[in-house]
Amino acid sequence: MAEAARMKARALAVLGTGSDVGKSLITAGLCRLFHRAGIKVAPFKAQNMSNNSFVTPDGKEIGRAQALQAQACGLEPDADMNPILMKPESDRSAQIVVQGQVWGKAEARTYFERRAELAERVRESYERLAGRYEVIVLEGAGSAAEMNLRDRDLANWSAVELADARVVLVADIDRGGVFAQVIGTLDLLAPHERARVIGIIINKFRGDATLFDDGVKFIEQRTGLPVLGVVPMLRGLMLDQEDAVDVERHRHAVFAKDRVNIAVVLLPRMSNFTDFNPLMAEPDVVVRYATVPADLDGADVIVIPGSKNTIEDLAYVRQSGMAEAMSRHASEGAEVIGICGGYQMLGRSIADPAGVEAGGEVEGLGLLDVATTLAKTKITQLVEAEFLQLEPERCLTVRGYFIHMGQTTGRDRRPCFRVRPLSLGGGQLEGREVERFDGAVNGTGLIWGTYVHGVFDLPEFRRAWINRIRGRKSLVPLADAVSRDISQSLGSQLDAWADHLQLHLKVTPFIKAVLPRL
């Protein structure tokens, strides 16, 4: 029965010559193209390493990239699409999420010792997906030729063989050395692995692609494989990505007097950086990632984002001088926001009696009168929340999700949100007992924190909040329609990306590779 289920779906694997070559977005684009062709398709990444995660409708946790790929397929995210998610907590250890739930915390050696157990979970998840869809598009991890990990790899060739997949190899020409990337990777593959490769994609090209025609010929002659496309860099694309590769572009953003200037503290273990993508798309907002105190100068708003290791990142905030600078800016009227781990940092203290991170108790930044106790149980849930501190005559709501370990309380806490959990189908759960409050705000209303990720996603709340800041700067408010247009544009980005791939890739080989009858 399991074998029959496994063989139901055909599979295409997107492997890379290295990290950040664009595998996640190529996978999403191919998923969208298959979906638009009427093919029942789903994404799959056996093992992911990322602190950028998402919550499925049934409260499971997966990589954010697989949530985007599910959207490309017209599907709700499912934990089987990313059965293993590794969330780094330090250079040596990570929290391991298996089939959407916390499995434990492990260093690399311990993790590899339990490979057989984890491989079985990967097989279970893949077979469930393969029994429900015509095509599975697999995404690999890192390089397709990680020689020191070949006997322990779960994300690349073991997943390819499990799915009996055809393979396309993606290389990044923008970082240079594309010939060595492609030829070196293929040279390191075993003959039976190389036999699965149907072609090569040259990604992130800048300039006149015809100038690379000789390069295409050289690669094809040297490897015996077709180059299936040279994909130009698509500027302005606002899609959630696997890693914080766009952070560097915003480290030196220039603040302006006629803009709302937002500084996001760049934490070593920052998580869910996609919380800020909608703000970056707004025409009257500048977002800068701050690494030194001087980066906060000129900021109207300072945000401490989520963190996978709150206590260590709090120590970094102090050691870097950012804590002192934030307090100074707050005293001068800047707004300070904490999201998830950042919210915990804003309080009086963070206690870790169960050793979730490093144990012990540390003093917080003291900007909010709350205290946090970390706990081993992770709360993962989709929520809808009504903001209580902005334009009371309007019911401004957000839709987002919780991913946190710990409880934050305060005797005189003024909450930010009235929260209602969302059901599996996306609707509100019935009953007053499920309604609760989230977050905290100080007396001025300018320092606040919340556990809600995705707090800026809905356009009405985002615009009302931005306009409040514009008012403090004596700038004329902009209409809600400005932000609604931004959200609509963000929603159409998948089709724009798929159109771009369709223009620059030879799409037929992909479809024929997995569905030869078409």
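Helix 7 and helix 9 cross in a right-handed sense, and I would like to begin with this pair, keeping in mind throughout that what we are looking at is a predicted model. Helix 7 covers residues 178-187 and helix 9 covers residues 213-223, and their axes come within 11 Å of each other, crossing at roughly 10 degrees. That angle makes helix 7 roughly parallel to helix 9, given that angles under 35 degrees are counted in that class.

If you turn to the side chains, you will see that helix 7 brings Phe-179, Val-182, Ile-183 and Leu-186 to the contact, while helix 9 meets them with Gly-215, Phe-218, Ile-219, Arg-222 and Thr-223. Sorted by class, this contact between helix 7 and helix 9 consists of six nonpolar residues, two polar ones and one charged one.

Two of these residues deserve a second look, and they bring us to the aromatic pairs, of which the structure holds twelve. The ring centres of Phe-179 and Phe-218 lie 5.6 Å apart and the ring planes stand at 90 degrees, so this pair is edge-to-face. The pair also links distant parts of the chain, since Phe-179 belongs to helix 7 and Phe-218 to helix 9, with the two positions 39 residues apart in numbering.

Staying with helix 9, we can follow it onto a sheet: helix 9 lies across strand 11, residues 197-205, and strand 12, and it runs at about 150 degrees to strand 12. Both strands belong to an open sheet of six strands, ordered 2-9-1-10-11-12, in which the pairing is parallel. At the edges of this sheet are strand 2, residues 41-44, and strand 12, residues 227-232, each of which pairs on one side only. From one strand to the next, the twist averages 20 degrees.

Within that order, let me pick out strand 1, residues 10-16, and strand 9, residues 135-139, which run parallel and are joined by five bridges. For a landmark on the screen, you can take Arg-10, which stands opposite Val-135 in strand 9.

Now to the other sheet I wanted to show. How many strands form the open sheet with the order 20-19-21-24? There are four, and here the pairing is mixed. Its edge strands are strand 20, at 360-363, and strand 24, at 407-409, and each of them pairs on one side only. The twist in this sheet averages 15 degrees from one strand to the next. Strand 21, residues 371-373, runs antiparallel to strand 24, and three bridges join the two. Among the residues involved, Thr-372 has Thr-408 in strand 24 as its bridge partner.

I will finish with a second helix pair, further along the chain. Helix 14, residues 459-472, packs against helix 15, residues 480-491, at an angle of about 135 degrees, with the axes 8 Å apart. That angle makes helix 14 oblique to helix 15, and the crossing between helix 14 and helix 15 is right-handed.

On the helix 14 side, the contact is made by Pro-459, Glu-460, Arg-462 and Arg-463, and on the helix 15 side by Asp-480, Val-482, Ser-483, Arg-484, Ile-486 and Ser-487. By class, the contact of helix 14 with helix 15 comprises three nonpolar, two polar and five charged residues, and you may wish to set that beside the six nonpolar, two polar and one charged residues where helix 7 meets helix 9.

Terms used:
Residues are numbered from 1 along each chain as its sequence is written. This is a predicted model: local features need pLDDT of at least 70, side-chain atom pairs count only at pLDDT 80 or more; totals for chains, interfaces and linings use all residues. Side-chain values use heavy atoms; hydrogens and water are left out. Two strands pair if DSSP finds at least two bridges between them. Axes are lines fitted to C-alpha atoms, for helices over the stretch in contact, and angles run from 0 to 180 degrees between N-to-C directions. Angles under 35 degrees count as roughly parallel, over 145 as roughly antiparallel, 65 to 115 as roughly perpendicular and the rest as oblique. A crossing is left-handed if the near helix is turned anticlockwise from the far one by less than a right angle, and right-handed if clockwise. Contact means heavy atoms within 4.5 Å. Ala, Val, Leu, Ile, Met, Phe, Trp, Tyr, Cys and Pro count as nonpolar, Asp, Glu, Lys and Arg as charged, and the others, Gly among them, as polar. Rings of Phe, Tyr and Trp (its six-membered ring) pair if their centres lie within 6.5 Å; planes under 30 degrees apart count as stacked, over 60 as edge-to-face and the rest as tilted.
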